[in-house]
Amino acid sequence: MTARPDAKRIAVLLSGAGSNLSALAARDDLHGEIVLVGSDRADAPGLQLAVDAGIPTAAVAIGDFSSRVAWEEALTARVTDAHPDLVVLAGFMKILSSVFVERWPVLNVHPSLLPAFPGAHAVQAALDYGVKVTGATVHFVDEHVDHGPIISQATVAVGGADDVDCLHERIKAVEYRLLGDAVKAFCQDRLHVEGRQVHVRTNHTIRSAS
Ligand code: GRF
């Protein structure tokens, strides 16, 4: 599909399966276009999904660089070349410096109700803790891990028989909707950040304001 002339340019970074990327790419109501999929892993299945969808890709592996700083500079150069308005972290497993996250608006999707269970093993940590309810969070990224202002959250009930895989699958189903709706709101200039508060204007507000 040809992107609208006013469509926002979106770069997605991922390290793994890329199911959030697939869900995002399947939305036809984003008012945005995915112009780049980048990864720190050349063998990330999500990168192949992007290739199959005809989206430009960039694999920038940290092991190919002498330092983390050099790696991030290379990643920054590839993302800069794509001229994004927004960067989306969809299962990107590397921590980015404040230099990177202050350069563009950056969104992240996380499989817990932050601030509970930040970090790379959120689903296992929620199971280990014994919570009865967990969920998904979409937030702006700041210089701290899984910390920036929260755009949206939704709950997922934890069942007694859940293991990490089946609980994560149910959380991902929620993530697809939350992330797509958050990206759409960004692309429509409906997100307004005041400190830790993110105000999400509705389409109705936009229509009645015009
Ligand atoms: C998602 O659960 C996301 O919240 C977390 O990593 C997972 C990525 O899954 N940060 P996928 O690669 O999109 O399938």
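How many positive and negative side chains does the protein chain have, and how far apart do the centres of the two sets lie? In this predicted model, the chain carries 25 negative side chains and 18 positive ones. The centres of these two sets are 6 Å apart.

The fold of the protein chain comprises 9 strands and 7 helices. With a radius of gyration of 17 Å, close to the 17 Å that the globule rule gives for 210 residues, the chain is as compact as a globular protein of that length. Along the principal axes, its C-alpha atoms fill a box of roughly 55 × 45 × 35 Å. Of the 210 residues in the protein chain, 44% are buried. The accessible surface amounts to about 10,600 Å², and carbon and sulfur atoms account for 54% of this area. When contacts between residues at least 6 apart in sequence are considered, 59% are found to join residues at least 24 apart.

Helix 1, spanning residues 19–26, was examined for its packing. Its buried residues are N20, L21 and L24. Viewed down the axis of helix 1, these buried residues fall within an arc of 100°, and they therefore line one face of the helix. In general, an α-helix has 3.6 residues a turn, so residues three or four places apart point the same way. The partners against which the buried residues of helix 1 pack include both strands and helices. The strands are strand 1 (8–14), strand 2 (32–39) and strand 5 (106–110), while the helices are helix 2 (45–52) and helix 6 (164–187).

Note on methods. Residues are numbered from 1 along each chain as its sequence is written. This is a predicted model: local features need pLDDT of at least 70, side-chain atom pairs count only at pLDDT 80 or more; totals for chains, interfaces and linings use all residues. Side-chain values use heavy atoms; hydrogens and water are left out. Helices (H or I, at least four residues) and strands (E, at least two) are DSSP runs, numbered from the N terminus. The radius of gyration is taken over C-alpha atoms; the globule rule is 2.2 Å times the number of residues to the power 0.38. Buried means under 20% relative accessible area, exposed over 50%, partly exposed in between (1.4 Å probe, protein chains only). Contact means heavy atoms within 4.5 Å. Accessible areas come from the Shrake-Rupley method with a 1.4 Å probe; for residues, only the protein chains shown count as cover. Lys and Arg count as positive and Asp and Glu as negative; His and the chain ends are not counted. The place of a charge is taken as NZ of Lys, CZ of Arg, CG of Asp or CD of Glu. The arc is that of the directions from the helix axis to the C-beta atoms.
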